[in-house]
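Trainee: Please choose one part of this structure and take me through it slowly, and then show me how to read other places in the same careful way.

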Amino acid sequence: MYYFSTNRTSVDVSFRKAVINGQPDDRGLYFPSEIPHIGAEWFARIGTISAAQVAFDVIRPYVGGEIADEKLFEICRETLEMDIPLVPLTERISSLELFHGPTLAFKDVGARFMSRCLGAFAADEGQKTLVIVATSGDTGGAVAAGFYGIEGVEVVILYPKGKVSRVQELQLTTFGGNVTTLELQGSFDDCQKIAKQILSDGEMRSKARLTSANSINVARWLPQQFYYFLAVKQWHGSEPPVISVPSGNFGNLAAGVLAHASGLPIKHFIAACNVNDVVPRFLIDGVYSPRTTIPTLSNAMDVGDPSNFVRISEIFGGDLERIRAAIKAYSVTDAETVDTIRNVYLQSNYILDPHGAVAYRSLANYLDGKLNEGGIFLETAHPVKFDAVANTLGNGGATPASVAELENKSRHSIEVPNDVDAVRDIILTRS
Ligand SMILES: *Cc1c(COP(=O)(O)O)cnc(C)c1O
């Protein structure tokens, strides 16, 4: 197994190199040279295979022997040390809850898997790795939680002062240890700019191996396949399910499509989008035209030019008809999102977060009039993270113990001016 760039001009690399590089020089995305096939006999006994073993069986061919089997199994086991239950809400609709990890959103799984891969590589090579990540809130928390305590890896997180939610700030600042959190006097774009400058800084590169924990990294992208296998493991319908995926950058859906291509028995996918509808419009008219991002209640999906869509296109060799057969797309407004949160609470006594609500609504729209079909939507975040839920229902649900605990921890963050040299100095003195 090797990885090539979707832009086809950078050199092919191993899994290890793809993880460390993050992105090929030609600004394409890494893509596996083969899609492994998983046979029907394996799926026939999936109900009896442990979650960790499912993950190991799925990911092993992609790692291509670059991490020893025993270590890889341990990484899979630790990555999935959280519940991922399939909860039926109606006779035909079930929720796959991906919010039981430390930061209450699905990005925890990818961050945990990637951190442990980098830890394994650092141990092999005896070389420290420095991870730099700019965050607007959620990604940084997942990375901090995923990388905390991983030996051989130092993490620096840059977040914009005053622009993240209270819960997000707690998740970003309560680690310490190998996680250094910098509160930048600037915007998220400033954070990103400084992170990029440091990642390409010659002096910094000579002192440590630098990498970003960007969501396009294959070590964050590929393990998202686990959700779909664990959904099928828990599905008891007589027909394969339709799976609705709340989508922004389309990494999660691209992982699902990859799983499907390797044999996962599902009917097809639903790309559930908010009004940032580049992909739904592409499926209608075949024209891919990125747009300026529109802010919505499901803000982790506010993406006007989804970077992972190229991976979906790659899986289907760019064939629009094949993409249309595998993915139905819907676009949901904020008013419909709020309406769905209210109705599902009244009908099923279940509290959706805005992202899950977009996915639920898209699935319900699809199922309308199709009485013999049923499906699963991915509930990607805990409702307590969003004020819109409490504002709609007068009740955001119980605060999970993991958040309550953070309130009592001490905070570690360093306020820095919006200046690359100041950030570089702090990193050099700490690493
Ligand atoms: C990141 C995120 C999404 C979108 O996932 P993509 O892989 O970017 O499509 C959906 N819901 C939540 C809560 C997220 O954090």
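Mentor: Before we begin, one term is needed: a strand is a DSSP run of E with at least two residues, and strands, like helices, are numbered from the N terminus. With that in hand, please keep in mind throughout that what you see is a predicted model, and start with Thr 181, which lies in strand 7, covering residues 179–184. A residue counts as buried when its relative accessible area is under 20%, and because Thr 181 has a relative accessibility of 3%, it is buried. The side chain of Thr 181 also has a polar partner, since one of its polar atoms lies 2.7 Å from the backbone oxygen of Leu 172.

Now step back to see the frame around this residue. The chain contains 20 helices and 13 strands. Its radius of gyration is 21 Å, close to the 22 Å that the globule rule gives for 431 residues, so the chain is as compact as a globular protein of that length. Along the principal axes, the C-alpha atoms fill a box of roughly 65 × 50 × 45 Å, and 57% of the 431 residues count as buried.

The part I have chosen for the close look is helix 17, which runs over residues 354–367. This helix has 14 residues and reaches 20 Å from its first C-alpha to its last, close to the 20 Å expected at 1.5 Å a residue. Helix 17 is mostly covered, with 12 of its 14 residues buried; among them are Pro 354, His 355, Tyr 360, Arg 361 and Leu 367, so you should apply the same cut-off of under 20% here as you did for Thr 181.

The two sides of helix 17 along the chain deserve attention as well. Just after the helix, Gly 369 takes a positive phi of about 85 degrees. Before it, in the loop between helix 16 (334–348) and helix 17, you find Asn 349, which has a positive phi of about 55 degrees although it is not a glycine. That is worth a pause, because most residues other than glycine have a negative phi. Asn 349 counts as exposed, because its relative accessibility is 61% and the cut-off for exposed is over 50%.

A second residue can be read in the same way: Arg 27 sits in the loop between helix 1 (15–21) and strand 2 (30–32), has a positive phi of about 65 degrees without being a glycine, and, at 54% relative accessibility, counts as exposed.

Finally, turn to the ligand, which has 14 residues around it, with Lys 107, Gly 248, Asn 249, Phe 250 and Thr 380 coming nearest. By class, this shell has 6 nonpolar, 7 polar and 1 charged residues. The side chain of Lys 107 has an N or O atom 2.5 Å from an oxygen atom of the ligand. The backbone takes part too: an N or O atom of the backbone of Asn 249 lies 2.8 Å from a ligand oxygen, and a polar backbone atom of Phe 250 is 2.8 Å from an oxygen atom of the ligand. Taken alone, the ligand exposes 380 Å², and the protein buries 95% of that.

Definitions and conventions:
Residues are numbered from 1 along each chain as its sequence is written. This is a predicted model: local features need pLDDT of at least 70, side-chain atom pairs count only at pLDDT 80 or more; totals for chains, interfaces and linings use all residues. Side-chain values use heavy atoms; hydrogens and water are left out. Helices (H or I, at least four residues) and strands (E, at least two) are DSSP runs, numbered from the N terminus. The expected span of a helix is 1.5 Å times one less than its number of residues. Buried means under 20% relative accessible area, exposed over 50%, partly exposed in between (1.4 Å probe, protein chains only). A residue is near a molecule or strand if one of its heavy atoms lies within 4 Å of it. A polar contact is a pair of N or O atoms within 3.5 Å; within protein, one must be able to donate a hydrogen and the other to accept it, and residues adjacent in sequence count only if both atoms are side-chain atoms. Accessible areas come from the Shrake-Rupley method with a 1.4 Å probe; for residues, only the protein chains shown count as cover. Ala, Val, Leu, Ile, Met, Phe, Trp, Tyr, Cys and Pro count as nonpolar, Asp, Glu, Lys and Arg as charged, and the others, Gly among them, as polar. The radius of gyration is taken over C-alpha atoms; the globule rule is 2.2 Å times the number of residues to the power 0.38.
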